[in-house]
Amino acid sequence: MHIYLPIAEMSVNIFLFLSMGAAVGFLSGLFGVGGGFLMTPLLIFTGVPSAVAVGTGAAQIVASSVSGALAQYKRNNVDLKLGLVLMAGGVAGAIIGVQMVKILREIGQFDVFVSICYVLFLGVIGTLMMIESLSTIKKKGAGQTLSARRTGQHSWVHGLPFKMRFTRSKLYTSVLPPLAIGAFVGFLVAIMGVGGGFIMVPAMIYLLRVPTNVVVGTSLFQIVFVTATATILQAATNQTVDVVLAFLLMLGGVVGAQFGASAGAKLRGEQLRFLLAAMVLLVCIRFAFDLVAEPRELFSLAKG
Amino acid sequence: MAVRWNMSWRKAAVLSVVVVMAVSGSGGVPATGAATGAEGASPEATPKQKKPALAKPKLPRPESASPIRPAPSVTVPLPSPAAAPGERALPPERIEADVSARSIAVTANFKGSEVVVFGTVDNSRQLSPEAGTYDVVVAVEGGGASAVVRRKSNLGGLWLNTSAATFDRVPSYYAVASTRPLDEIAESDELAKYGIGLENLSLTAAEQTTRSINASELRDFKTALSRLKVREGLYTNDDYGVTFSGRSLFRSTLALPANVPVGQLVARVYLFREGVLLNRFTTRVGLERTGIERFIYEAAHKSSWLYGIFVVIIAVLSGLAASMMFGRVGN
């Protein structure tokens, strides 16, 4: 059964895209990640124009993270003030990112730019995760006990001006780092169609020293609003959000996530991280291959 | 939908047969409707001396100088296309055609469809559908829009778009069907004169492109453009796509892929005999989006801010609905 995607302007098999949504939903439920960095590449690999994949990916992340954010909020795991600062940065970053998408599309370099971004980010993150999970597996095998990493409470980050008190996070710190992190992540949302949790969470833990119990909630809160903003901006500036495609992915995704979450409970954390790292690296290699291998068709066509 | 078109085609075909019979009795007056019109029915095309492009396989081709065409089975003498003065002149052939539907809808499940172009040759001197006296070329063209063709080359190990050519008014769709391969129907310069065939499609480069790119590079870009369009199914060429089903009645079915841009399609029908264009006819068909499809497309392009907000609302609602549904099931 086929459906016509009005913005991607292609006729696709409904079940292929539903199952793609379900597969990514399953993985994101399994690993506890947003899945945008898997969804957008999959869309690109199946022939959806890169810009539409990126714009629609952002819309799909809104759906997949909104209920999680709400649940975290109800459990009082969201630092609203910090979330708003991150969001302010995120919105600014998204505005810049969407304009950059527009310019890159006009000069015909968007596809290659997206590929390079994915190679860089997935390469770095996949490698770090791989190293971390392998060393954890080894240490556990050797019978060593692990303690949560807890480094010093202060660093150069906390010496910056424009200080603000974030009571929920028990932080008194400059607003510049959260603004900058938020802006960077918002920029990534706009140009890569990812939620950016894989940057946001480590940055909050290691750079801002936000207590772990509010990290996930605050980052989800920020992701919902920034991806929503990015979706609206992409739709308004680049007309690259396909609501039919987004709905298919949401539908598959929410179902898949339920099964993924229950399957994830049965696997050990470091094994999950190893699998996720392997998958991230595979996607990275695929993008890298497409960049360096001689394409079968050197010419491409775009609307003028 | 295809069934409905089929029906309408049959109905229309029957009608045009009736029209042909009436018209050929009265001496061949072209009937033109509001949306259709005979174009360039130049009588000077008929007497023009022209050597046939290539010999037809089915019939021994008469020399154009000979006054009597040797008909294989019937003894009725027919004048040659270039009738010498003083001979009894038959009324010139004219072509009339129509399209199976005035408008075609692109709906949410649009998987591509087809458009049937059919018509008749008035005053046909063809003895049977198989005689091959006439060649008919049907060309359906979609409205022009500017397009950019980009070329990748290896730059420091990466394949990047390094050069580009912009073309003005590139037909969004171009399907050509004919009774036999175009190069057998007429000489290439004759085809080029009327812009028939993929090679003769007028692809004019934008000014800034002609200034920055040399002629041979531009030719590469042009061939790439039509190759890419062919690959997308937007440009097609069907060498035996037009068939005669009577002495004068012909039809052709052209595929419309799902990605064909909406807008006016112009169907041009050319009548050739022995490499000479006798007559041509133009008609139009609209391709439009309907239903939720059109609503989405128009909203996304005309009120894009509202559309974006609408998408976010849908995303939020479906995310919440799913968690409520599964939450209840799970607990």
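How many residues lie between β8(B) and β9(B) in their hairpin, and which residue in the turn has a positive phi? I opened my notebook with this, keeping in mind that I am reading a predicted model.

**Entry 1: the hairpin of chain B**

I found 2 residues between β8(B) and β9(B), and in the turn I noted B:Gly156, whose phi is positive at about 60°. I then followed the two strands, residues 144–155 for β8(B) and 158–171 for β9(B), and saw that they run antiparallel and are joined by 11 bridges. As an example of the pairing I wrote down B:Arg151, which stands opposite B:Ser163 in β9(B).

**Entry 2: a strand from the other chain**

I next looked up what β8(B) does towards chain A, and found that strand β5 of chain A, residues 299–303, is joined to β8(B) by 5 bridges, the two running antiparallel. Two positions helped me to see this pairing across the chains: A:Ser300 has B:Arg150 as its bridge partner, while A:Ala302 stands opposite B:Val148.

**Entry 3: the contact between the chains**

I looked up how many residues take part in the contact, and noted 42 from chain A and 46 from chain B. On the side of chain A that touches chain B, the elements supplying at least two residues each include β1 (2–5), β2 (10–13), α3 and β5. The element that gives the most to this side is α9(A), with 7 residues. Sorting the residues of this side of chain A by kind, I have 28 nonpolar, 11 polar and 3 charged.

**Entry 4: helix α3 of chain A**

Since α3(A) was among the elements listed for that side, I looked up its geometry. The helix covers residues 50–74, which is 25 residues, and reaches 36 Å from its first C-alpha to its last, close to the 36 Å expected at 1.5 Å a residue. I also noted a kink of about 35° centred on A:Ser65. The helix is mostly covered, with 20 of its 25 residues buried, and it is followed by A:Asn76, which has a positive phi near 60°.

**Entry 5: A:Met129**

Is A:Met129 buried or exposed? I counted 20 C-beta neighbours inside 10 Å, and because 20 or more is the cut-off for a buried residue, A:Met129 counts as buried. A:Met129 sits in helix α5 of chain A, residues 110–141. Leaving aside residues up to four places away in sequence, A:Met129 touches A:Arg273, A:Leu276, A:Ala277 and A:Val280. I also checked A:Gln234, which is 105 residues from A:Met129 in sequence and 31 Å away in space, C-alpha to C-alpha.

**Entry 6: an open sheet in chain B**

I last traced an open sheet of 4 strands in chain B, in the order β4-β6-β14-β13, with antiparallel pairing. The edges are β4 and β13 (242–244), each of which has a single partner strand, so one side of each is left without a neighbour in the sheet. On average, neighbouring strands of this sheet are turned by 20° against each other, direction ignored.

I then went through the sheet pair by pair:

- β4(B), residues 94–99, is joined to β6(B) by 6 bridges, and B:Arg94 stands opposite B:Asp122.
- β6(B) pairs with β14(B), residues 249–256, over 8 bridges, and B:Val116 has B:Thr253 as its bridge partner.
- β13(B) is joined to β14(B) by 3 bridges, and B:Thr243 stands opposite B:Arg251.

For β6(B), residues 113–122, I noted that 8 of the 10 residues are buried, so this strand is largely enclosed by the rest of the structure.

Methods: Residues numbered from 1 in each chain as written. Chains lettered and ligands numbered in written order. Predicted model: local features only at pLDDT ≥ 70, side-chain atom pairs only at ≥ 80, totals over all residues. Buried ≥ 20, exposed ≤ 12 C-beta atoms within 10 Å, placed from the backbone. Contact = placed C-beta atoms within 7 Å. Expected span 1.5 Å × (residues − 1). Bend = angle between axes of the 7 residues up to and from the residue. Pairing = 2+ DSSP bridges. Axes fitted to C-alpha atoms, helices over the stretch in contact; angles between N-to-C directions. Nonpolar A, V, L, I, M, F, W, Y, C, P; charged D, E, K, R; others polar.
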